[in-house]
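Q: I would like a close look at a single part of this model. Please keep the answer connected and go through its surroundings as well.

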Amino acid sequence: MSETSGFLERPDGERLAWRKVDGRGPAVVWLGGFKSDMTGTKAQALADWARATGRAYLRFDYFGHGESSGAFARGTITRWREDALAVLDALTEGEVVLVGSSMGGWIACLAAMAAPARVKALVLIAPAPDFTEKLMKPAIPPQGLADLARDGVWLRPSEYGEPYPITQSLLEDGARWSILEAQEVPIEVPVRVLQGGEDPDVPWAHALQLAQAIKGSDVVFTLVKDGDHRLSRPQDIARLIAAVEEVVP
């Protein structure tokens with residue numbers, strides 16, 4: 001089974017890059033993390049799995065990420081949520097299983113809440129709901145706060161490459177989409193969470209808070225005690241594929 005690729009044209013002239021494997025449904029849809037793209041180890045491993053098993057699979061880059069158009073610094077949770085929903089509407093049919101990594105876990109939850117009839121299950125890797133408000137904002141140093149107040153943007157150092165531009169608009173917009181402040185997260189489909197115990201970016205307690213808040217009862221939280229944020233080692237990939245196979249018929 002081969003993988004095709006293309007671009008989804010958005011109403012404002014921007015384009016979202018995508019890659020797709022045709023096969024049996026429900027389609028597995030990859031939702032990447034903040035500043036990541038669809039060519040990462042986990043996204044590629046799922047593409048290989050889909051081709052080998054004849055499953056339908058879709059991966060894409062959000063606005064300002066990877067091969068898609070747009071300036072990353074102009075991105076917001078609102079925009080990336082809209083991207084995910086647009087991709088689901090235009091490039092998939094019927095039920096889907098969303099696989100979200102880090103920020104993609106938050107986007108997956110928001111998409112499941114917006115389209116409950118479409119989303120059959122969620123597989124979340126180091127999910128980071130509300131990360132702008134609960135993880136990012138409290139960690140901004142005084143100089144970063146000064147930069148945001150003066151320029152509206154702070155260049156956050158990253159262990160994964162060039163500094164990330166963090167904008168005031170991203171922080172303010174992210175607060176609008178908070179899901180952990182409510183008594184429960186209104187998701188009732190099966191959910192599988194994979195979380196590294198040594199994740200420096202998303203503490204395991206943060207991911208566990210999401211798992212406990214999800215309304216449905218079919219929620220399994222797996223703590224990989226020696227795992228990092230990426231969970232991209234061969235044994236981690238095996239756990240990811242097993243989790244996906246557990247929730248797809």
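Which residues of helix α5 (residues 142–151) are buried?

A: The model is a predicted one. In helix α5, which spans residues 142–151, the buried residues are G144, D147 and L148. They cover an arc of only 100° around the axis, which puts them on the same side of α5. An α-helix has 3.6 residues a turn, so residues three or four places apart point the same way. On the face turned away from the buried side of α5 lie the exposed residues P142, A149 and R150.

The cover over the buried residues of α5 includes two strands and a helix: β7 (153–158), β8 (161–167) and α6 (168–176). After α5 comes G152, which has a positive phi, near 80°.

Helix α6, one of the elements covering α5, also packs against another helix. The axes of α6 and of α2 (residues 77–91) come within 8 Å and cross at roughly 60°. The two helices are therefore oblique to each other. On the α2 side the contact is made by I77, T78 and W80, and on the α6 side by L170, D173, G174 and R176. By class, the residues of this contact divide into three nonpolar, two polar and two charged.

To sum up, α5 has its buried residues G144, D147 and L148 on the same side, with α6 included in what covers them, and α6 in turn meets α2 through residues such as L170 and D173.

Conventions:
Residues are numbered from 1 along each chain as its sequence is written. This is a predicted model: local features need pLDDT of at least 70, side-chain atom pairs count only at pLDDT 80 or more; totals for chains, interfaces and linings use all residues. Side-chain values use heavy atoms; hydrogens and water are left out. Buried means under 20% relative accessible area, exposed over 50%, partly exposed in between (1.4 Å probe, protein chains only). Helices (H or I, at least four residues) and strands (E, at least two) are DSSP runs, numbered from the N terminus. The arc is that of the directions from the helix axis to the C-beta atoms. Contact means heavy atoms within 4.5 Å. Axes are lines fitted to C-alpha atoms, for helices over the stretch in contact, and angles run from 0 to 180 degrees between N-to-C directions. Angles under 35 degrees count as roughly parallel, over 145 as roughly antiparallel, 65 to 115 as roughly perpendicular and the rest as oblique. Ala, Val, Leu, Ile, Met, Phe, Trp, Tyr, Cys and Pro count as nonpolar, Asp, Glu, Lys and Arg as charged, and the others, Gly among them, as polar.
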